[in-house]
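Welcome! Below are a few exercises, each with a solution to follow step by step. Please take a look at the structure before you begin.

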Amino acid sequence: MTMPLNQLVEIFTDGACRGNPGPGGWGVLLRYQGNEKKLSGAIKETTNNRMELTAAIEGLNAITRPCIVKVVTDSEYVKNGITVWLKNWQTKNWRGANNKPIKNIDLWQQLDAAVKRHKQVTWEWVKGHSGHPENEVADSLANYAIDELLKQG
């Protein structure tokens, strides 16, 4: 999506997993000035948290120039990780409160890099499966991606 630098881009993300771990999918709905773009993908063996992180990364990376972005997620793990825990993890060489390496370091580093490419990124949490229209679209995209993956065998 091509857009002026000072316009707000909204990203609605969701991840899904059938089994945890198991086949997983991610879905993203991007919205800019009434225009929408849908993205999705799936992986044969993954976790729900990895799919939630992947959705946020893919959404941010789909925007081709630095923008003001609002990411809406139903994952408290993603929202708290990027807004609260990340700085401490980085200070402690990617270790958590228990001094053990945090899970999904690769994706947290990718998400951090994706956020830094933009002028401003804000994060909003919404309750999943509660009728939030855009979250339902992202959830449907994630589940459709899993269905398509499973059809391929």
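Helices (H or I, at least four residues) and strands (E, at least two) are DSSP runs, numbered from the N terminus, and two strands pair if DSSP finds at least two bridges between them. This is a predicted model, where local features need pLDDT of at least 70, side-chain atom pairs count only at pLDDT 80 or more, and totals for chains, interfaces and linings use all residues. Residues are numbered from 1 along each chain as its sequence is written, and side-chain values use heavy atoms, with hydrogens and water left out.

**Exercise 1. The hairpins**

Find how strand S2 is joined to S1 and to S3, and which residues take a positive phi in the two hairpins.

Solution.

Step 1. Begin with strand S1 (residues 8-17), which is antiparallel to S2 and joined to it by 8 bridges. Across this pairing, glycine 15 faces tryptophan 26 of S2, and phenylalanine 12 stands opposite leucine 29 of S2.

Step 2. Look at the hairpin of S1 and S2: there are 4 residues between the strands, and glycine 19 has a positive phi near 90°.

Step 3. Move on to strand S3 (residues 35-46), which pairs with S2 over 10 bridges in the antiparallel sense. Here glycine 25 stands opposite alanine 42 of S3.

Step 4. The hairpin of S2 and S3 has 2 residues between the strands, and glutamine 33 takes a positive phi near 45°.

**Exercise 2. The whole sheet**

In what order do the strands of the open sheet stand, and which strands are at the edges?

Solution.

Step 1. The sheet is open, has 5 strands and shows mixed pairing; the order is S3-S2-S1-S4-S5.

Step 2. S3 and strand S5 (120-125) each have a single partner strand, so they stand at the edges and one side of each has no neighbour in the sheet.

Step 3. With direction ignored, neighbouring strands of this sheet are turned by 20° against each other on average. For such angles, axes are lines fitted to C-alpha atoms, for helices over the stretch in contact, and angles run from 0 to 180 degrees between N-to-C directions.

Step 4. Is strand S2 (residues 22-32) mostly covered or uncovered? Mostly covered: 11 of its 11 residues are buried (buried means under 20% relative accessible area, exposed over 50%, partly exposed in between, with a 1.4 Å probe and protein chains only).

**Exercise 3. The aromatic rings**

Work out how many aromatic pairs the whole structure has, and describe those that involve tryptophan 89.

Solution.

Step 1. Use the rule: rings of Phe, Tyr and Trp (its six-membered ring) pair if their centres lie within 6.5 Å; planes under 30 degrees apart count as stacked, over 60 as edge-to-face and the rest as tilted. The search finds 3 aromatic pairs.

Step 2. Among them, tryptophan 85 and tryptophan 89 have ring centres 5.8 Å apart and planes at 50°, so this pair is tilted. Both residues belong to helix H2 (residues 76-91) and are 4 residues apart, about one turn of the helix.

Step 3. Check their surroundings: tryptophan 85 is partly exposed because its relative accessible area is 34%, while tryptophan 89, at 10%, is buried.

Step 4. Tryptophan 89 also pairs with tryptophan 108, edge-to-face, at 5.1 Å centre to centre and 65° between the planes. This pair connects distant parts of the chain, 19 residues apart: tryptophan 89 is in helix H2 and tryptophan 108 in helix H3 (residues 105-116). With a relative accessible area of 0%, tryptophan 108 is buried.

Step 5. Put the picture together: Tyr77, Trp85, Trp89 and Trp108 make up one aromatic cluster.

**Exercise 4. Two packed helices**

How do helices H1 and H3 pack, in angle and distance between their axes?

Solution.

Step 1. Helix H1 (residues 48-61) packs with H3 at an angle of about 25°, and their axes are 9 Å apart.

Step 2. Apply the classes: angles under 35 degrees count as roughly parallel, over 145 as roughly antiparallel, 65 to 115 as roughly perpendicular and the rest as oblique. H1 and H3 are therefore roughly parallel to each other.

Step 3. Find asparagine 61, which is in helix H1 and is partly exposed at 40% relative accessibility. Its C-alpha atom is separated by 9.5 Å from that of alanine 113, 52 residues apart along the chain.
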